[in-house]
Amino acid sequence: MPGLWGKTRTTLEMIKWEHSIFALPFALTATILAAGGVPSLRTLGWILVAMVSARSCAMAFNRWADADLDAANPRTRTRAIPAGQLSRPFVLGFTILCAGVFIAASASLNRLTLLLSPLVLLVLLSYSYMKRFTRWSHLVLGLALGLAPSAAWIAVRGLLDPRILVLTATVMLWVGGFDVLYACQDFEHDRSAGLHSLPQAIGIPNAFLAARIMHLMMLGLLVWFGMLFHFHAAGWAGVIAVGLLLAYEHALVSPRDLRRLNAAFFTMNGVIAIVFFVFVAADLWLRNHA
């Protein structure tokens, strides 16, 4: 049992399960908008299972695919596979298990979610190889997380409403922007290893500018999203809060000072996602009880 517990703890650390908070609030936002409130516990439960299993599958596969690259990078050589804490076959097996759980959860929701589940997995898993070919891998990661609200909408409604694609594009630019900032710390390694990233291609100062542009575009899409779903005061307050939090996030780091990058990347983005969901949920509740 101590060995099993240790391996379980290492696996949870490897997939950074706590970072599910990035996409989950946006998926829940789409869920309550699609349902016009809180959906059935059955639907909500399967959406949560699908979200966690899909993300766990993607993270585990990324660690499996990047094991050799991680071993050569001083920042990542202490990860589970390079450090010898988990074997590559074990991680691949865990990936397959999570993929199976995701497909089973999709099948338990409706026919369209089941039919689309292989396509979702293809997007999620392909990100791990994008940095080998293109500087725009950040947007592929953004798309992987951005699929969450559209998938949640389909899970509730059984069909896709084009309006929810605006939230998917919003999340894609949000994630893509902060992943550009996060990649700045691997500038030297990416260049020496022949990997592609926006900072490696255009330099760190220009990468910061690109991240700011992505986040400004994200805020524009968020305003459009609010208009499409007829936000009232609470919803618009959530949009304003996201803008202020993004501004603070960018103030934490600069091209010459990346020391607080983890605070900007992990803490602030989790706060942004939760704050937006809370305000939209409040807005919907007030409208339903007006």
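# Questions about an all-helix pattern

Modeller: The chain has an accessible surface of about 13300 Å², and carbon and sulfur atoms hold 70% of that surface. Such areas come from the Shrake-Rupley method with a 1.4 Å probe; for residues, only the protein chains shown count as cover. The model is predicted: local features need pLDDT of at least 70, side-chain atom pairs need pLDDT 80 or more, and totals for chains, interfaces and linings use all residues. Residues are numbered from 1 along each chain as its sequence is written, and side-chain values use heavy atoms, without hydrogens and water.

Biologist: How many helices and strands does the chain have?

Modeller: There are 13 helices and zero strands. Helices are DSSP runs of H or I with at least four residues, strands are runs of E with at least two, and numbering starts at the N terminus. Along the sequence the pattern reads α-α-α-α-α-α-α-α-α-α-α-α-α.

Biologist: What makes the chain as compact as a globular protein of that length?

Modeller: Its radius of gyration is 19 Å, and the globule rule gives 19 Å for 290 residues, so the chain is as compact as a globular protein of that length. The radius is taken over C-alpha atoms, and the rule is 2.2 Å times the number of residues to the power 0.38. Along the principal axes, the C-alpha atoms fill a box of roughly 60 × 45 × 35 Å.

Biologist: What share of the chain's residues is buried?

Modeller: Of the 290 residues, 51% are buried. Buried means under 20% relative accessible area, exposed means over 50%, and partly exposed lies in between (1.4 Å probe, protein chains only).

Biologist: Why is serine 53 called buried?

Modeller: Serine 53 has 6% relative accessibility. That is under 20%, so the residue counts as buried. Serine 53 sits in helix α3. Beyond its neighbours within four places in sequence, serine 53 is in contact with Cys98, Val101 and Phe102. Contact means heavy atoms within 4.5 Å.

Biologist: How do you know that phenylalanine 26 is buried?

Modeller: The relative accessible area of phenylalanine 26 is 2%, so this residue falls under the 20% limit. Phenylalanine 26 belongs to helix α2. Leaving out residues up to four places away, phenylalanine 26 touches Pro149, Leu167, Val171, Trp174, Ala273 and Phe276.

Biologist: Why is leucine 112 called partly exposed?

Modeller: Leucine 112 has a relative accessible area of 27%. The value falls between the two limits, so leucine 112 is partly exposed. Helix α6 (residues 111-130) holds leucine 112. Ile154, Gly158 and Leu159 touch leucine 112, not counting residues up to four places away in sequence. Leucine 112 and glycine 158 are 46 residues apart along the chain, yet their C-alpha atoms are separated by 6.3 Å.

Biologist: Is valine 38 buried or exposed, and why?

Modeller: Valine 38 has a relative accessible area of 67%, which is over 50%, so valine 38 is exposed. Valine 38 lies in the loop between α2 (24-35) and α3 (41-65).

Biologist: How do you know that the span of helix α11 agrees with its number of residues?

Modeller: The expected span is 1.5 Å times one less than the number of residues. For the 25 residues of α11 (residues 204-228) that gives 36 Å, and the end C-alpha atoms are 36 Å apart, so the two agree. The buried residues of α11 include Ile204, Phe208, Met214, His215 and Phe225.

Biologist: What makes histidine 230, which follows α11, worth a look?

Modeller: Phi of histidine 230 is positive, near 55°, in a residue other than glycine. Most residues other than glycine have a negative phi. Histidine 230 is in the loop between α11 and α12 (233-252). At 55% relative accessibility, over the 50% limit, histidine 230 counts as exposed.

Biologist: How many positive and negative side chains does the chain have?

Modeller: The chain has 22 positive and 13 negative side chains, and the centres of the two sets lie 3 Å apart. Lys and Arg count as positive, Asp and Glu as negative; His and the chain ends are not counted. Each charge is placed at NZ of Lys, CZ of Arg, CG of Asp or CD of Glu.
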